Amino acid sequence: MRYYLSVFWLIILSSSLLATQLQVVGEILTTPGCGPCLPARSALHRMYEDKENFGDLIPLIWLGAGRFASPGYMERSILYQRRFVPYARWGGLLDYSGARGDVFDQYVLRYRQISEKAGRLVLDLDYELLPDNRLEIKAGAETLENLEGRDERIIYIITYDLEDEMPGEMYFANVMRY
């Protein structure tokens, strides 16, 4: 298993991510053995690989069961009120269920809708892998509007690239630490 693909942060602003340099979080809830889930993960992977058009994409794959099950999967399913997979959520606001033939186009549409929104935070994020394999993460946030009285949080999520363990399954950004 590769140590980690990346460190991702989420800003939960009433269940949405909005930042000055807007990063678009694309989440997929999936399970092993789900036939329609592979095309959904493949569409997200295709976007992730296309840095020119989707350079601000933060992909998160929430695996619901098995050896590499994602912590917080059930909570995420409840938050989004979903029982069926695949289920995709964009920026915490826009969703798409299933994996019909136009899944890539539907994901692109939602990505663009979120990426056009103005941000509410300025973030400064830095991380370092220490010699003892601990990950040190530092973040600073400055609000651009009054957020008093709202439930605002910064959440760090570490994803792993499981392509070596699960070849061809497109688990390239599997949530492993939450």
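**Loops, a disulfide, a helix pair and a hairpin**

P86 lies in the loop between helix 3 (73-79) and strand 4 (87-90). In this predicted model, P86 is joined to V85 by a cis peptide bond, with omega at about 0°. The loop between helix 3 and strand 4 also holds Q81, a residue that is not a glycine and yet has a positive phi of about 55°. For a reader new to such details, the background is simple: most peptide bonds are trans, and most residues other than glycine have a negative phi.

The next feature is a disulfide. A search of the whole structure finds one, and its partners are C34 and C37, with an S to S distance of 2.2 Å. The torsion about the S-S bond of C34 and C37 is about 80°, so this disulfide is right-handed. C37 brings the description to helix 1, which covers residues 37-49.

Two packed helices are described by the angle between their axes and the distance between the axes. For helix 1 and helix 4 (residues 103-115), the axes come within 9 Å and cross at roughly 50°. Helix 1 is therefore oblique to helix 4, because an angle of that kind falls outside the ranges counted as roughly parallel, antiparallel or perpendicular. The crossing of these two helices is right-handed. On the side of helix 1, the contact is made by P39, A40, A43, L44, R46 and M47. Helix 4 meets them with V103, F104, Y107, V108 and Y111. Sorted by character, the residues of this contact comprise ten nonpolar, no polar and one charged.

Finally, the description turns to a pair of strands. Strand 6 (residues 121-129) pairs with strand 7 (residues 135-143) in the antiparallel sense, and nine bridges link the two. Individual positions show how the strands line up. D126 stands opposite K138 in strand 7, while the bridge partner of Y127 in strand 7 is I137. Strand 6 and strand 7 form a hairpin with five residues between the strands. In this hairpin, N133 takes a positive phi near 65°. A positive phi is thus found for N133 in the hairpin and for Q81, which is located in the loop between helix 3 and strand 4.

Definitions and conventions:
Residues numbered from 1 in each chain as written. Predicted model: local features only at pLDDT ≥ 70, side-chain atom pairs only at ≥ 80, totals over all residues. Heavy atoms only, no water. Pairing = 2+ DSSP bridges. Helix = DSSP H or I, 4+ residues; strand = E, 2+ residues; numbered from the N terminus. Axes fitted to C-alpha atoms, helices over the stretch in contact; angles between N-to-C directions. Parallel < 35°, antiparallel > 145°, perpendicular 65-115°, else oblique. Left-handed = near helix turned anticlockwise from the far one by under 90°. Contact = heavy atoms within 4.5 Å. Nonpolar A, V, L, I, M, F, W, Y, C, P; charged D, E, K, R; others polar. Disulfide = S-S within 2.5 Å.
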